[in-house]
Amino acid sequence: MSPKLSSKKPSTKIFDVIVIGGGQAGLAVGYYLRRAKLDFIILDNQDQSGGAWQHFWPSLRLFSPAWMSSLPGRLMPSSKDGKSPHRDDVLSYFADYEQRYQLPIYRPYEVKTVERDDENDCLQVSDGHYTWLAKAVVSATGTWSNYYIPDIEGQQDYLGEQRHSAHYDGPEAYKDKRVLVVGGGNSGAQIYAELVQVADASWVTLEPPQFLPDDVDGRALFERATARIMSNKSSAHKVINNEDDGSNSTNAANVEGNIVMMPPIKKVRDKGLLTTRPMFSRFTEQGVVWPDGTKESIDAIIWCTGFEPALAHLAPLGVIEEDGKILTEQGQALKEPRLWLFGYGDWASPASATIIGAGRSARENVPALLDFLAKDT
């Protein structure tokens, strides 16, 4: 059980750093803050370790080998079956990581607000019951809790099941049902590949999906995101929002596609089942209407339509732009220098929504945070 914090009134103690979020980004930042011997805590809203990974579907596997999917200081052990690590491997690795580095993680605390405390010249963090002060705040809340589902005509009248990939927990509940998997990214491909084995499933995408070559793994996604950010250095604060980024590890600019051909996807392709349908035009009570006017009854729809950054707790600071993101440089918020952001994706740091990207982002940007704190003292 995690230790508890106090108190209901703002403490006179001011931490060097408070990290909000105990997932992969929070752990990576915590590693470097621990090495720097700073006085910090990590507030996590989960009941146990693992961040968003504890909510992903059981069969989910990483796109890359374990050594390529590791946090700073400790390699992720290889999967027992010799394949890419699966969800439970990641959960075990994160739990071990917390303990190995004795990271000061307190849970469950759901941070509601981050505000300026002018009297103490710091930031104030609150979960609505308890309040803490810090010279700097790292927001690492990720995107899992802020999933996106498009608004389509008739959606409120549809009587079947609708579920986002954030809450998809496996194919068992959909056996022999008519299911649509909506979304042309990696999650859509993986979920469709296992549902089509047990259900009457169709994969629905806005555009034809683009597949990476069979011998290209998830390293390509990380490197393409990095290459794209580097090529736009002249636009220092340009926001990039692309859920599925990828590239070839040997030549990032010359490989097209964004879906990694994981073994289950290859299996479905080899059976001739890896096909898609164009997006339906509207809902009915019992199903959907296809572009040609045909109506079809559908039992369930799995939305694999992406996520937005979970930043509502930062609203009091007035730093969130109209697009829902925050202008940053090296992870530091331009409109509030005491606020730092890690783990939200390319706009915060290249591929920082991945495990390896979270580690790289922390390695490259925590030194700037340390310099900021040193100048503040």
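**Exercise 1. Work out the strand order, edges and twist of the open five-stranded sheet.**

Step 1. Start with the order: this open sheet runs β7-β14-β8-β9-β10, and its pairing is parallel. Strands here are DSSP E runs of at least two residues, helices are H or I runs of at least four, and both are numbered from the N terminus. Two strands pair if DSSP finds at least two bridges between them.

Step 2. Now the edges. β7 (161–164) and β10 (276–278) each pair on one side only.

Step 3. Then the twist, which averages 30° from one strand to the next.

Step 4. Zoom in on one pair: β9 (residues 200–205) and β10 run parallel, joined by three bridges. Trp 203 has Thr 276 in β10 as its bridge partner.

Step 5. Add the helix. α3 (residues 186–195) packs on the sheet and touches β8 (178–182), β9 and β14 (300–303). The direction of α3 makes about 165° with that of β9; axes are lines fitted to C-alpha atoms (for helices over the stretch in contact), with angles from 0 to 180 degrees between N-to-C directions.

A word on what you're looking at: this is a predicted model, where local features need pLDDT of at least 70, side-chain atom pairs count only at pLDDT 80 or more, and totals for chains, interfaces and linings use all residues. Residues are numbered from 1 along each chain as its sequence is written, and side-chain values use heavy atoms, leaving out hydrogens and water.

**Exercise 2. Check the length of helix α1 against its expected span, then find what covers the helix.**

Step 1. The expected span is 1.5 Å times one less than the number of residues. For the 12 residues of α1 (residues 24–35) that gives 16 Å, and the end C-alpha atoms sit 17 Å apart, so the two agree.

Step 2. Count burial, where buried means under 20% relative accessible area, exposed over 50%, and partly exposed in between (1.4 Å probe, protein chains only). In α1, 10 of the 12 residues are buried, among them Gln 24, Leu 27, Val 29 and Tyr 32.

Step 3. Look for the cover: it includes β1 (14–20), β2 (40–43), α2 (87–100), β3 (105–106), β6 (131–139) and α6.

Step 4. Just past the helix, Lys 37 takes a positive phi of about 60°.

**Exercise 3. Describe the largest nonpolar core and the surroundings of Val 138.**

Step 1. A nonpolar core is a set of buried Ala, Val, Leu, Ile, Met, Phe, Trp, Tyr and Cys residues joined through side-chain atoms within 4.5 Å. The largest one has 67 residues, and Val 17, Trp 53, Val 138 and Leu 195 have the most contacts inside it.

Step 2. Helix α6 (residues 355–376) gives the most to this core, with eight residues.

Step 3. Skip neighbours within four places in sequence, and Val 138 is in contact (heavy atoms within 4.5 Å) with residues including Val 17, Val 29, Trp 340 and Leu 369.

Step 4. There's also a second, separate core of 25 residues, which includes Ile 20, Val 111, Leu 311 and Trp 347.

**Exercise 4. Characterise the β4–β5 hairpin and the cysteine at the start of β5.**

Step 1. β4 (residues 113–117) and β5 (residues 122–126) run antiparallel, joined by five bridges. Thr 113 stands opposite Ser 126.

Step 2. Four residues lie between the strands, and Asp 121 takes a positive phi near 50°.

Step 3. Cys 122 is buried at 0% relative accessible area. Disulfides, meaning cysteine sulfur pairs within 2.5 Å, number zero in the structure.
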